[in-house]
Amino acid sequence: MDFSQFLALHEEISLVAALVLLLVYDLFAPEKARRHIPLVACLLMGAHTLVCALDFAAESGLCGVGGLGGQAAGAAQAGRSAFAGMYSVSPAGLLFKNILNIGVLLICMQAYPFLRRKDQAIKAGEFYFLLFATLFGMNLMLSAGHFLLFFVGMETASIPLAALVAFDKYERRSAEAGAKFILSTAFASGLSFFGLSLIYGGTGSLYFDDIHNFLTPTPLLLGGMVLLCSGLFFKISLVPYHLWAADVYEGAPTPVSTYLSVISKGAGVFGLCLVLTRVFPLFIQAWQTVLYILILLSITVGNLFALRQKNMKRFLAFSSISQAGYIVLGIFSASPAGLSALMYYIFVYILSNVAAFGVVQLVEQHGGRTDMTAYNGLYKTNPKLSVALMFALFSLAGIPPFAGFFSKFFIFAATAESGAYALLLVALLNTVISLYYYLLVVKAMFILPPADPAGVPAFKSETAPRIVLTVCTAGILLAGLVSGIYALIHQTVMLG
């Protein structure tokens, strides 16, 4: 093994290059030029996204007309590995990294108004540096073939994320949210490390494949698996690991809340899927039982608590807890169809939640409010924002013909194939509850009069958030109707 092994880390090298260029620009650019840091960060993230997309097209062999060529398909199935198998990436992992890249690019653009504030403009470079650093950690976690690299990636993602949650340091709620997040993260990581020590004691290895080969159904290893996965349950905010979510989402800057709800959650779900299906397939009955209970609790508790919220960010926090339950149905299915539905669901969920949080951020910026009564009569003053938020909520609820309907259809179909009809019935009934509370917001915007005479004034948002809302709204309308998106994901999953 030599330093040439690092050349196999294509996506990580590209991201580190973007991170270093941003740091150099932030340190050495003149004062006037530093005002353009958000633009530079978005361009660097866009270039990284393009590089990763081209890398996926080249390595998967899906870019050719007429399907897969023989050599390309063989290369895709083999994937890439380095450091004696500690690092390995499959076509499905590559595609998921590209989905996360698209989400981070949208959030980079969405954060522009927040970083234009006088009290935040000087820290724009720090914000994007931390954002890129946590994405780098997630990339390592998703490409791990060894638990040492997996935990290095998970902690590299978590620590900068805690700094981002507390980024608005002169705001008491942000500092409080940062403290809650880092303490909860530390406790969850401790549980995971203790579980890993039990697994290492029972198998004598930290390699995924070795643990799989030496796995035996003993209480020691079963307990180790549950404790190990607890850290990922926390990241996904499944009940009962969800108690931090509402307070942190409310206190964190809105772009960071968006990142937590889509990127961090998405990476946690894929990491959990990787661990359970690659390392513990022999324990499938045990972890399906655990997931069955957590999915039921998450969908139900998230929906019931969302009904009671009066703050829009807390409302979306409990909505995301419920959505996490639906996403994990893809893992519970334990099939290629389930994994395909999971990845498609996360892609659609990114578009929908980024749009929803984007409107919340603009209303907070120009109206100074996050309470739900601020949205009463919003259509009269800001009709375009109201329509964008309505489309996002309809997609999250799963109303046709929006993309969220198709994502739920595929995830429910995969669940039906697994034979878990009782779980599917509960999930379907909960969609009715979610539809009710999403429609409450739509009713407030289009039917109810403003709660006070002033209401939220009419305003024109900056170019960057307008582009984000346009892209997300178009994606919500088209992602379900363009069948090639799901077909691409499913074909990639079938490669391995």
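A helix here is a DSSP run of H or I that is at least four residues long, and helices are numbered from the N terminus. The model is a predicted one.

By that definition, Ile331 belongs to helix α14, which covers residues 312–333. Is Ile331 buried or exposed? Buried means under 20% relative accessible area. Ile331 has a relative accessible area of 1%, and therefore counts as buried. Its contacts, leaving aside neighbours within four places in sequence, are Val269, Leu272, Cys273, Leu276, Trp287, Leu291 and Leu342. Distance along the chain and distance in space are separate matters: Ile331 and Leu274 are 57 residues apart along the chain, while their C-alpha atoms are separated by 9.3 Å.

Ala267 can be read in a similar way. This residue sits in helix α12, residues 254–279. With a relative accessible area of 1%, Ala267 is buried. Once neighbours within four places in sequence are set aside, Ala267 is in contact with Phe96, Leu100, Met138, Met141 and Leu142. Ala267 and Ile346 are 79 residues apart along the chain, and 9.6 Å separates their C-alpha atoms.

A whole helix can be examined too. Helix α20 has 16 residues, 463–478. At 1.5 Å a residue these should span 22 Å, and the end C-alpha atoms are 22 Å apart, so the two values agree. Which residues of α20 are buried? They are Ala464, Pro465, Val468, Leu469, Cys472, Thr473, Gly475 and Ile476. Looking down the axis of α20, one finds these buried residues within an arc of 160 degrees, which means that they line one face of the helix. The cover over them includes α4 (91–110), α5 (112–116), α15 (336–367), α17 (383–397) and α18 (403–418). On the face turned away from the buried side are the exposed residues Thr463 and Thr470.

The surface offers a contrasting case. Val16, Val20, Leu23, Val24, Leu27 and Phe28 make up a nonpolar surface patch, and together they have about 540 Å² of accessible area. Phe28 lies in helix α1, residues 10–28. The cut-off for exposed is over 50% relative accessible area. Phe28, at 65% relative accessibility, therefore counts as exposed.

Some backbone details remain. Most residues other than glycine have a negative phi, and most peptide bonds are trans. Where does the model depart from the usual sign of phi? Phe83, which is not a glycine, has a positive phi of about 55 degrees. Ala84 also has a positive phi, near 55 degrees. Phe83 is in the loop between β1 (80–82) and β2 (87–89), and Ala84 is found in the loop between β1 and β2 as well. As for accessibility, Phe83 counts as buried at 15%, whereas Ala84 counts as exposed at 63%.

The peptide bonds that are cis include the one joining Val239 and Pro240, where omega is about 10 degrees. Pro240 is in the loop between α10 (219–236) and α11 (245–251). The bond from Pro400 to Pro401 is also cis, with omega near 5 degrees. Pro401 lies in the loop between α17 and α18. Those two helices, α17 and α18, are among the elements that cover the buried residues of α20.

Terms used: Residues numbered from 1 in each chain as written. Predicted model: local features only at pLDDT ≥ 70, side-chain atom pairs only at ≥ 80, totals over all residues. Heavy atoms only, no water. Patch = residues over 30% accessible without salt bridge, like charges linked within 9 Å, V, L, I, M, F, W, Y side chains within 5 Å. Areas by Shrake-Rupley, 256 points an atom, 1.4 Å probe, with all protein chains shown as cover. Salt bridge = Lys/Arg side-chain N within 4 Å of Asp/Glu carboxyl O. Buried < 20%, exposed > 50% of the residue type's maximum accessible area, 1.4 Å probe, protein only. Expected span 1.5 Å × (residues − 1). Arc of directions from axis to C-beta. Contact = heavy atoms within 4.5 Å.
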